[in-house]
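Let's take a friendly walk through one protein chain. Have the sequence and the 3D view ready, and try to find each part as we come to it.

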Amino acid sequence: MSRPLDNVNPTIFDTPVASSSRRRPASAKALLWDNADDESYGSSEEEREEIDAEEIYDLLRSITDPEHPVTLEQLRVVTPGDISVAGNRVLVYLTPTIPHCSMSTLIGLSLRVRLLRALPARYRVDIRIKPGSHQSEHAVNKQLNDKERVQAALENQHLLQVVEGCLATAGQRGKEEIKEADGMTKTSGWIA
C-alpha cells in the first residue's frame with residue numbers, strides 16, 4: 001500500500017518550448033569542431049569555463065517530481081531566479097508546492113545528486129528551501145547540507161532508487177520533438 005500524496009492537485013505551469021539558456025560549447029576543445037581556426041584551442045593547461053545560473057537551471061529543470069509525473073520546472077519548484085553562482089559556489093533555492101511537503105528533502109537530494117554528477121568537483125553546492133515556503137525550513141536545510149546525512153541517504157538503496165527515478169528525465173533538458181515529413185518523430189537539441 002502506498003502512502004497518500006502530500007499535494008493531490010498541484011498547480012502545473014506552462015514551460016517554454018525551447019531551452020531558457022543560450023548554448024555554449026563545453027570547453028575550448030568543443031570549439032575544435034565549430035571553428036577549426038580558433039587560436040585559443042590547446043593554449044594552456046586545463047581550461048576552466050565558468051558556469052552560470054542559467055546552465056545550472058538547465059541541469060535541474062527536467063528532474064521529475066517524486067509524487068507526480070511532471071518536472072520541477074512545471075511545478076515551479078526550481079526557477080532561474082532562485083539560482084546563483086559566485087565563483088565556485090552554487091546556491092539553489094527550491095520552493096515546495098505546499099508548506100508541509102514531506103518530499104522537500106527528497107527533491108533537494110535529487111538536486112544535489114544531479115549537480116554533483118554534472119559539475120566539476122571544484123564547485124560547492126548548497127541546496128536550500130526558499131525562505132518562508134516550508135514549515136520545517138531550518139530542519140530541511142540542515143538535512144540537505146549535511147555531508148554525513150546526504151551520504152547516509154545515498155547508501156539507502158530504496159532512497160537511491162527514488163532519486164534515480166527523479167533523475168531519469170534530467171538529461172532531456174533542451175530537447176524538442178520534431179515531426180518529419182515521413183511521419184517519424186525524432187528529437188533534436190542537446191542533452192547533458
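## How α4 meets α6

In this predicted model, helices α4 and α6 are roughly perpendicular to each other. Helix α6 covers residues 147-155, and the angle at which α4 and α6 pack is about 95°. Their axes are 11 Å apart. Angles from 65 to 115 degrees count as roughly perpendicular, which is why this pair earns the label.

Which residues make this meeting? From α4 come L109, R112 and V113, and from α6 come V150, A153 and L154. Sorted by class, the contact of α4 with α6 has five nonpolar residues, no polar ones and one charged one.

## How α4 meets α7

Now follow α4, residues 104-118, to another partner: helix α7, residues 157-167. At what angle do α4 and α7 pack? The angle is about 70°, and the axes of the two helices are 9 Å apart. That makes α4 roughly perpendicular to α7. The crossing of α4 past α7 is right-handed.

On the α4 side, the contact is made by L106, L109, S110, V113, R114 and R117. On the α7 side, look for L159, V162, V163, E164, C166 and L167. By class, the contact of α4 with α7 has eight nonpolar residues, one polar and three charged. Notice two familiar names from the previous section: L109 and V113 of α4 take part in the contact with α7, and L109 and V113 also meet α6.

## How α2 meets α4

Helix α2 spans residues 53-60 and packs with α4 at an angle of about 115°, with the axes 10 Å apart. Is this crossing left-handed or right-handed? The crossing of α2 and α4 is right-handed.

In α2, the residues that make the contact are I56, L59 and L60; in α4, they are L111, R114, L115 and A118. The contact of α2 with α4 divides into six nonpolar residues, no polar ones and one charged one. R114 of α4 is worth highlighting in your viewer: R114 is part of the contact with α2, and R114 is also part of the contact with α7.

## Charged pairs

Side chains of opposite charge can pair when their charged atoms come close. How many salt bridges does the structure hold? The structure holds six of them. One joins D58 and R61, whose closest N and O atoms are 2.8 Å apart. Both D58 and R61 are buried.

Another salt bridge forms between D126 and R89, with 3.2 Å between the closest N and O atoms. D126 sits in strand β3 and R89 in strand β2 (residues 89-94), so this pair ties together parts that are 37 residues apart in sequence. D126 counts as buried, at 7% relative accessibility, whereas R89, at 41%, counts as partly exposed. Returning to D58 and R61, salt bridges with shared partners join these two and E73 into one network.

## Around D82, K130 and T95

The side chains of D82 and K130 also meet in a salt bridge, at 3.4 Å from N to O. This pair links distant parts of the chain, 48 residues apart. D82 lies in the loop between α3 (72-75) and β1 (83-86), and K130 in the loop between β3 (124-129) and α5 (137-144). D82 is buried, with a relative accessible area of 12%, while K130 is partly exposed, at 32%.

T95 belongs to the loop between β2 and α4. From C-alpha to C-alpha, T95 and K130 are 5.4 Å apart in space, although 35 residues separate them in sequence. Which residues does T95 contact, leaving aside its neighbours within four places in sequence? They are R76, V77, D82, K130 and S133, so both members of the D82 and K130 salt bridge appear among the contacts of T95.

## The whole chain

Time to zoom out. The chain has seven helices and five strands, and along the sequence they follow the pattern α-α-α-β-β-α-β-α-α-α-β-β.

Of the 192 residues in the chain, 35% are buried. Among contacts with a separation of 6 or more, 64% are between residues 24 or more positions apart.

Technical notes: Residues are numbered from 1 along each chain as its sequence is written. This is a predicted model: local features need pLDDT of at least 70, side-chain atom pairs count only at pLDDT 80 or more; totals for chains, interfaces and linings use all residues. Side-chain values use heavy atoms; hydrogens and water are left out. A salt bridge is a side-chain nitrogen of Lys or Arg within 4 Å of a carboxyl oxygen of Asp or Glu. Buried means under 20% relative accessible area, exposed over 50%, partly exposed in between (1.4 Å probe, protein chains only). Helices (H or I, at least four residues) and strands (E, at least two) are DSSP runs, numbered from the N terminus. Axes are lines fitted to C-alpha atoms, for helices over the stretch in contact, and angles run from 0 to 180 degrees between N-to-C directions. Angles under 35 degrees count as roughly parallel, over 145 as roughly antiparallel, 65 to 115 as roughly perpendicular and the rest as oblique. A crossing is left-handed if the near helix is turned anticlockwise from the far one by less than a right angle, and right-handed if clockwise. Contact means heavy atoms within 4.5 Å. Ala, Val, Leu, Ile, Met, Phe, Trp, Tyr, Cys and Pro count as nonpolar, Asp, Glu, Lys and Arg as charged, and the others, Gly among them, as polar.
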